[in-house]
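Visitor: I would like a close look at a single part of this model, followed outward into its surroundings. Please take one strand as the starting point and describe what lies around it.

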Amino acid sequence: MAYEDNISFTDYSLGQEELERIENVLEEDLIRSGVHSVLLIDMAGNIIAQRDNGDCDHDLYSLAALASANFAAVDTMAKIVGEEEFSLLFHKGENENIHFSKVNVEFLLITIFGKEVSLGLLRLKVAEAVQKINDMWNR
Amino acid sequence: MAFVNMKNKEVQAKIVYYGPGRGGKTTNLEYIYSKFRERIKSDMVSIKTHGDRTLFFDFLPFDIGKIMGYDVKIQLYTVPGQVKYDATRRLVLKGVDGMVFVADSQIEQRKKNILSLKNLQENLASYKKSIFKVPLVLQYNKRDLEKGGVSLLPMETLEKDLNSQLKVPSFPASAVTGENVVPTMKKIISLTMTSLQNVMK
């Protein structure tokens with residue numbers, strides 16, 4: 001069994017400039033489209049970047065911990081039934097909805113939005129944002 | 001694995017309480033939550049079954065202030081102890097920075113402690129982490145039962161069973177009364193931060 005020596009930090013690292021670019025994408029593509037709050041988290045539940053419309057008072061650290069665990073659980077369920085992954089992960093509520101989108105093996109994008117935004121538009125906007133964030137890495 | 005946000009000058013680190021079922025992992029977190037209520041801004045999150053057993057995990061975020069100019073946010077997690085929940089236990093271990101192993105001092109739990117520690121070693125290995133390298137503290141819980149006339153595993157036996165190879169810091173404790181709960185947490189935070197600091201320099 002080979003163990004990794006680097007056990008302290010995440011495999012990825014993000015500089016100040018990259019974080020700002022990510023925050024800009026979240027702001028311009030999602031918050032300006034009417035999304036209430038958006039979080040980029042890693043699979044361990046850390047918050048990488050966050051933006052909201054100023055009216056949100058959610059417990060984001062708990063939300064991130066639960067979201068990463070929930071995603072991991074659903075992903076494992078997918079594998080059990082023979083699927084590579086479930087492509088649409090969405091919880092609908094009376095006033096708030098939560099949408100999960102996998103960005104890459106490390107990151108998840110969590111979007112919280114209300115009735116004003118349709119699921120179709122949201123999925124389109126999320127896909128654009130995910131593409132932009134991924135482009136940043138591949139550059 | 002800890003995430004360092006250079007922009008907000010913030011470090012997020014994950015500490016997981018592991019150990020056999022009904023050993024007192026959740027009780028450790030509940031004690032910490034009650035003790036530091038004013039410093040913990042959010043509620044403790046628990047995903048439990050009807051029988052009050054941990055189903056997925058407990059979660060408690062804890063701000064410990066600034067280290068080397070960084071705001072340090074410690075995320076305390078527990079895993080479900082029951083053997084059947086191994087899949088969810090492994091999920092919670094993802095990205096762990098430090099571990100507390102909560103052993104049950106009762107004589108009839110001796111085998112379960114050993115099996116759970118072995119299970120921890122295997123689950124860490126699935127993330128390519130060695131139990132000998134991850135910051136780890138052992139806690140021998142339920143020492144308060146001795147006062148009630150229950151005979152417990154002697155500390156020497158627990159040390160021999162669980163710590164003869166690891167040689168990590170260990171504490172006799174009682175999560176119910178709070179004895180050594182905070183010292184256990186302080187120890188694992190300091191070990192975790194030392195391992196992070198070495199890299200941050």
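**A covered strand and its surroundings**

Guide: In chain B, strand β2 (residues 10-18) and β6(B) run parallel and are joined by four bridges. The model is a predicted one, and β6(B) will serve as the point of departure. Within this pairing, the residue that stands opposite G98(B) of β6(B) is I15(B). A further strand of chain B, β7 (residues 136-141), is also parallel to β6(B), and here the two are joined by six bridges. In that pairing F101(B) has L138(B) of β7(B) as its bridge partner. Between β6(B) and β7(B) the chain passes through helix α3 (residues 110-126) of chain B, and the β-α-β crossover made in this way is right-handed.

The strand β6 of chain B, which spans residues 98-104, is mostly covered, with seven of its seven residues buried. In a regular strand the side chains alternate between the two faces of the sheet. For β6(B) both faces are covered: one side carries the buried residues G98(B), V100(B), V102(B) and D104(B), while the other carries M99(B), F101(B) and A103(B), which are buried as well.

The burial can be followed into the loop that leads to this strand. D97(B) is found in the loop between α2 (86-92) and β6 of chain B, and it counts as buried because 28 other C-beta atoms lie within 10 Å, where the cut-off for burial is 20 or more. If neighbours within four places in sequence are left aside, the contacts of D97(B) are M1(B), A2(B), A13(B), K14(B), I15(B) and T192(B); among them, I15(B) is the residue already met opposite G98(B). By contrast, S151(B), which is 54 residues from D97(B) in sequence, is 35 Å from it in space, C-alpha to C-alpha.

Two loop residues next to the partner strands deserve a separate remark on their backbone. K9(B), in the loop between β1 (3-5) and β2 of chain B, has a positive phi of about 55° although it is not a glycine. K142(B), in the loop between β7 and α4 (155-163) of chain B, likewise has a positive phi, near 75°, and is a residue other than glycine. Their surroundings can be set side by side: K9(B) is partly exposed because 13 other C-beta atoms lie within 10 Å, whereas K142(B) is buried because 25 other C-beta atoms lie within 10 Å.

Elsewhere in chain B, helix α1 (residues 25-35) is mostly covered, with eight of its eleven residues buried. The buried residues of α1(B) are K25(B), T26(B), T27(B), N28(B), L29(B), E30(B), Y31(B) and I32(B).

From β6(B) one can also pass to chain A by way of the nonpolar core. The largest such core has 91 residues, and those that touch the most other members are L40(A), I41(A), A64(A), L108(A), L109(A), V16(B) and F101(B). The element that gives the most to this core is α2(A), with nine residues. A64(A), when residues up to four places away in sequence are not counted, touches L39(A), I41(A), G45(A), N46(A) and I47(A).

Helix α2 of chain A, residues 60-80, lies across β1 (37-42), β2, β3, β4 and β5 (107-113) of that chain and runs at about 60° to β1(A). These strands form an open sheet of five, in the order β2-β1-β5-β4-β3 (chain A), with antiparallel pairing. At its edges are β2 (47-52) and β3 (89-92) of chain A, each of which pairs on one side only. On average, neighbouring strands of this sheet are turned by 10° against each other, direction ignored. Four bridges hold the antiparallel pairing of β3(A) with strand β4 (residues 97-102) of chain A, and in it F90(A) has H99(A) as its bridge partner. Helix α3 (residues 119-138) of chain A also packs on the sheet, where it touches β3, β4 and β5 of chain A, and its direction makes about 150° with that of β5(A).

Where the chains meet, 27 residues of chain A are in contact with 32 residues of chain B. On the side of chain A that touches chain B, α1 (16-30), β2 and α2 of chain A each supply at least two residues, and the largest share, eight residues, comes from α2(A). The residues of this side divide into 15 nonpolar, eight polar and four charged.

Terms used: Residues numbered from 1 in each chain as written. Chains lettered and ligands numbered in written order. Predicted model: local features only at pLDDT ≥ 70, side-chain atom pairs only at ≥ 80, totals over all residues. Pairing = 2+ DSSP bridges. Axes fitted to C-alpha atoms, helices over the stretch in contact; angles between N-to-C directions. Contact = placed C-beta atoms within 7 Å. Nonpolar A, V, L, I, M, F, W, Y, C, P; charged D, E, K, R; others polar. Buried ≥ 20, exposed ≤ 12 C-beta atoms within 10 Å, placed from the backbone. Right-handed = clockwise from strand over helix to strand, strands pointing away. Core = buried A, V, L, I, M, F, W, Y, C linked by C-beta atoms within 7 Å.
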